[in-house]
Amino acid sequence: MAQVLQALVTGLLTGSVYALLGAGFSLIWGVAHVINIVHPALAVGAAYAVYLLAARGVDPLASLAVVVPLFFLLGVGFYEGVIRPAARRGGDLVLVSMVLTFGLAAALENVLAAVWGPGPRVVNVAYTGRAVQLGVLALPITHLAGAGLATVTIAALYLFLHKTFPGKAVRAVWQNPEGAALCAINLRQVTSLTYGLAIASAGVAGVALALIYSFSPASHLMWLVFVFLVVIVGGVGSLVGVVVAGMLVGALTNLSTLVIPFAWAPFFLFASLGVLLLLRPTGLFRR
Amino acid sequence: MRLSRRQVLKSAALGAGALAVPRVLTHGAWAQARPIRLGGTLPLTGPFADTGVWVERGYRYWAEKVNRQGGLLGRPVEVTILDDASSVDRAVSLLERLITVDRVDLILGGYPGTAAAAQMALVERYRKVYISMGGHMASFRRGFKFSFGGPPLMGQWWYEGAWRWLSNIPKAQRPTRAAAITVNNPVGMSARESIQDGLKRLEIPLVMDELYDLPLASAEPLVSRARALGADMFLANGFFPDGVLTMRAMKALDYNPKVILQAIGTLIPEWVTQLGPDGDYVVSGTAIHHRLPYPGIAELNQVARERWNLKWAPLYFLFGYAWAQVLQQAVEAAKSLSHAVLVRYMRETTFKTIAGELRFDERGLPAPYEYATQVINGEVELIWPPGRRSAQPVYPKPPWRR
């Protein structure tokens, strides 16, 4: 029983971090119809920022004070400087943006490798490898911190989208851009804001991932797998969907290993998700 | 016979000229000689770049040294390394381009094992000598004639030193139950091959033997099962990222086996520099080590200190240098760049390298190595064989530092 609980809880904690990484990716895909392949690479960039600050004694959680505003501005700049000019040239934006952002991800990987070297980095803090003991359960503090960041960030994004006027404008643009424009919603501002928030959330995800995982310039390729997984299963553009999918992926992966060999866990996971997508091709929460 | 002053001066000038001409000609000839071109591919970007760059540095330092010492067969060497971006397909197509389009004279071995194994099949077709880590034992069982592990990175031999070290511990103090987790790819599977046999020799039952695919998202389920099964020996046959996750999970769950064996993660300097004390006491194997007494090791340690501010030459730097060193010795002894001549020579002689003396058998392999290492206080120390020990092994592993 202790093993089941341990597997379930650590699965949910890591799943929430995937959800955090997928949230911004899903938002951009849903609102702007851009498959932003560079999203996890930006999270890796944030992880390096955390590493840099941690080496100077700044706790990763405190580094959010720098990372969040910086990445928000980066997101706005990314939209204004890269995506908007590409969109104005016409063509299939989904395809064009996918190729464009894939190229940017490769370029960012090379820049990070040039600056930091290709070797892996590990953020060590006082609570790394420590756990909160709850009866038979050992909850790694880094995982708890990552899950906490995920909860706060996704909740803030959710409240913003559902309870504020700019947030409702973002949703309106996602659901019906022409209708939103007729209601005097400034599409450019709203989209710019969406990018800012999404990339800021990638920054937070980078902080959470740096607490748990080692990373290198090429790590974004590994993280991209999880991003696609949770966004497609959850339903493109759905924050609730991303959260549920993240938790589902984390819990299923860990729990399945208790009854089947660990090597079969990815097969079990992808087979389950395949069945799920056959039943709901648009994902769990996309209407 | 009396010589006039003019005749003396003329003779002196002619003599001086005669002495000077060969030197001028020799130097000019070396400088103008067509360089010997060596080419290969390495993962300079992508997931294997962290180690690929060190192999490249090993090759480049070797070339620099050879050129400084007058070249190979009296000709300068020129190294071309193409970035295969950690893709096996690219490693093969780029190497084929180097052979057929660029027509390099000699081939430098690729990395990692998956790329090397694929390139071994390619060079066999073009009949080119290829010295690399190989793709573990499976790649040397394919009957290739042109490929050599000089030295190889052989998963099947990896724990041999550790088994021997453990067999010297009194039986009552040895671990009693082992748990193993292995990355599900050729590297991990090669290391796993030796586990059954090694543990059988030590009479230690393997109570858990799990495979996992990369990326490993969470190590806690594996570690908590090993702990629940009472395994006091833990084998983690994985790379750096999954190795870090595993070590942290072991610490968080306060799992303290008597010994932790780790196959690959400890091979890069980051295990020590990045993971810090949490990476201590892990036992592994090696084919080369910066503390071995072979000629050239001290010089390479010095280079690593001066150029990269490292205490020791990293393992893959040593590997790259050793592979090039074997090729150099083959060319110098055979006095030929003909691959047909070189391949004959490769199996007939003993090579003196920074990895010790290597003599290749029919498969292209040297004798198995039996080194065991342990990370002790942030240093990768040699703990086996006893005659090569750089530090006393720490056993059992102390509990995690809190």
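In the predicted model, strands β11 (residues 350-353) and β12 (residues 356-359) of chain B run antiparallel and are joined by four bridges. The two strands form a hairpin, with two residues between β11(B) and β12(B). Within this pairing, Phe351(B) is positioned opposite Leu358(B) of β12(B).

The hairpin belongs to a chain with 13 helices and 14 strands. The C-alpha trace of chain B extends over about 100 × 45 × 35 Å along its principal axes. Chain B comprises 402 residues, of which 52% count as buried. Among the contacts in chain B with a separation of 6 or more, 69% are made by residues 24 or more positions apart.

An open sheet of seven strands is also present in chain B, in the order β7-β6-β8-β9-β10-β13-β14 and with mixed pairing. Its edges are formed by β7 (206-212) and β14 (379-384) of chain B, each of which pairs on one side only. From one strand to the next, the twist averages 25°. In general, the strands of a sheet pair through backbone hydrogen bonds, in either a parallel or an antiparallel manner. The pairing of β10 (residues 282-286) with β13 (residues 371-376) of chain B is antiparallel and comprises four bridges. Here Val283(B) has Gln374(B), in β13(B), as its bridge partner. Helix α7 (residues 186-202) of chain B lies across three strands, namely β6 (178-183), β7 and β8 (233-237) of chain B. The direction of α7(B) is at about 160° to that of β6(B).

Two further helices of chain B were examined for length and burial. Helix α2 (residues 49-68) of chain B contains 20 residues, and the distance from its first C-alpha to its last is 28 Å, close to the 28 Å expected at 1.5 Å a residue. Of these 20 residues, 15 are buried, and α2(B) is accordingly mostly covered. Gly70(B), which follows α2(B), has a positive phi, near 105°. Helix α9 (residues 240-252) of chain B has 13 residues and reaches 18 Å between its first and last C-alpha atoms, close to the 18 Å expected at 1.5 Å a residue. Because 13 of its 13 residues are buried, α9(B) is largely enclosed by the rest of the structure. A positive phi, of about 55°, is adopted by Asp254(B) just after α9(B).

Helix α8 (residues 220-228) of chain B includes Ala228(B). This residue has 14 other C-beta atoms within 10 Å; since a residue counts as buried at 20 or more and as exposed at 12 or fewer, Ala228(B) is partly exposed. The C-alpha atom of Ala228(B) is separated by 9.6 Å from that of Tyr255(B), the two residues being 27 residues apart along the chain.

The domain assignment divides chain B into domain 1 (36-154 + 314-359) and domain 2 (159-262 + 269-291 + 371-388). The C-alpha centres of domain 1 and domain 2 of chain B are 30 Å apart. Their contact involves 17 residues from domain 1 of chain B and eight residues from domain 2 of chain B. On the side of domain 1 of chain B that touches domain 2 of chain B, two or more residues are given by each of α4 (113-126), α5 (136-140) and α12 (315-334) of chain B. The largest share of this side, four residues, is contributed by α12(B). By class, this side of domain 1 of chain B has 13 nonpolar and four polar residues, and no charged residues.

The contact between chain A and chain B takes 33 residues from chain A and 35 residues from chain B. On the side of chain A that touches chain B, at least two residues are supplied by each of α1 (2-32), α4 (93-116), β2 (137-140) and α10 (239-259) of chain A. Helix α1(A) provides the largest share of this side, six residues. The residues of the side of chain A that touches chain B comprise 15 nonpolar, 15 polar and three charged.

Conventions
Residues numbered from 1 in each chain as written. Chains lettered and ligands numbered in written order. Predicted model: local features only at pLDDT ≥ 70, side-chain atom pairs only at ≥ 80, totals over all residues. Expected span 1.5 Å × (residues − 1). Contact = placed C-beta atoms within 7 Å. Nonpolar A, V, L, I, M, F, W, Y, C, P; charged D, E, K, R; others polar. Pairing = 2+ DSSP bridges. Domains from an automatic or database assignment. Axes fitted to C-alpha atoms, helices over the stretch in contact; angles between N-to-C directions.
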